[in-house]
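Reader: I have a model open and I'd like to learn how to read its domain interface. Can you take me through it?

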Amino acid sequence: MIDTLKINIERVAKSRLSEVDFSNIPFGKNFTDHMFLADYRDGEWKNLHIIPYGYMPVSPATPAIHYGQSIFEGMKAHRGPTGETLVFRPADNWKRMNISAARMCMPLIPEDLFMDSLSTLIDLDRQWIPDTEGSSLYIRPFMFSADEYIGIRPSQDFTFMIILSPAGPYYAAPVKVKIETHYTRAVAGGTGYAKAGGNYGGAIYPAKLAQEKGYHQLIWTDGKNHEYIEESGTMNVMFVINDTLVTPALSDSILAGITRDSVLTLARHWGMKVAERKIAVKEIIEGIEDGTVTEAFGVGTAATIAPIELIGHEGKDYVLPPVESRKFSTKVYQELDAIKRGTMPDPFGWIARM
Ligand code: COI
């Protein structure tokens, strides 16, 4: 709890809403009229305010720029059948943000600060929620060190912000992924389980090499022997093997995805066999070849349920069965989407109305 939960609001003089072509909203390119900011100074959160979205002054000496002391979250909001705003599992994102904050030596964000700033900002910009199939209002909370100091030490000053972006799906078509067996995203004892900016920055180069060979993304493997599958950087990965839903067990080198948890929860609710365990690369390659791996897909907030069309490994491509034949991932995409949009009951209490 913070005592002074008063958010000062400066509204835009004129909304930019009419300038955006909602029939073409690629992921991550358009931002709503307003943004939220809070400062952490002298050991407490203060100066909560919402201002027009735009550039902002940051010290050139801030450790966030030099040393990557920054963390973020991703959430989605949809407009429900009666016009209300439905946000998917925001309390889980708040909890995960604090797990990341602890790992990156940053202050925790009180739940009321996270929730109230989110609902106030969303309320101001609710007209920006897209209604088109596959689209949503993507919510990006983030925090960065704001000290003016280029030595390495735990920072004292921080900024917490939220920006909003009307967006279509992250992957517009089934994805081609390459199993990465040279570069490493995360290792035991590292920051892989945190949503820390640097985890993503370090992944860009290996992903670019794969993209040059025609893949959309990588599947990361363990940093020790590159024997076991971990995650895909923009999403967790899942497989249907002999009718069982299988995904890598969580560890400190894998992000605990909220969509991952939602898909596992739905599968268990439907009575499907589920296994969270180590998955050897060899098992997947052999399983695609002998037909026991019938589905492969990524799961993430931005990616939603992203069918994997083929997996590249050591110079060879292994093609999965056609997307139309995939019963589980199709059903889970449809039901999760319907829960998020409020057109199906929400038995797990995932939706927050704002
Ligand atoms: C999300 O799914 O919200 C993410 O943060 C992935 C991001 C790299 C686009």
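Author: Sure, starting with a term: a polar contact is a pair of N or O atoms within 3.5 Å; within protein, one must be able to donate a hydrogen and the other to accept it, and residues adjacent in sequence count only if both atoms are side-chain atoms. Between domain 1 and domain 2, 11 residue pairs are in polar contact, both residues at pLDDT 80 or more. A word on the source: this is a predicted model, where local features need pLDDT of at least 70, side-chain atom pairs count only at pLDDT 80 or more, and totals for chains, interfaces and linings use all residues. Residues are numbered from 1 along each chain as its sequence is written, and side-chain values use heavy atoms, with hydrogens and water left out.

Reader: Which residues do domain 1 and domain 2 cover?

Author: Domain bounds come from an automatic or database domain assignment. Here, domain 1 is 8–167 and domain 2 is 175–341. Their centres, taken over C-alpha atoms, are 27 Å apart. Domain 1 puts 28 residues into the contact and domain 2 puts in 22, with contact meaning heavy atoms within 4.5 Å.

Reader: How much area is buried between domain 1 and domain 2?

Author: The size of an interface is often given as the accessible area lost when the parts come together. Buried area is that loss (1.4 Å probe), summed over both parts. For this pair the value is about 2100 Å², and carbon and sulfur atoms give 58% of that area. On the domain 1 side, Phe 88, Arg 96 and Arg 103 lose the most area to domain 2, together 31% of what that side buries.

Reader: How many salt bridges are counted between domain 1 and domain 2?

Author: A salt bridge needs a side-chain nitrogen of Lys or Arg within 4 Å of a carboxyl oxygen of Asp or Glu. The count between the domains is 1. Look at the side chains of Arg 89 and Asp 261, which form a salt bridge at 2.9 Å, N to O.

Reader: Which elements give two or more residues to the side of domain 1 that touches domain 2?

Author: Helices (H or I, at least four residues) and strands (E, at least two) are DSSP runs, numbered from the N terminus. Strand 4 (70–72), strand 5 (75–79), strand 6 (85–88) and helix 2 (90–103) are the ones. Helix 2 provides the largest share, 6 residues.

Terms used: Buried area = accessible area lost by both parts, 1.4 Å probe.
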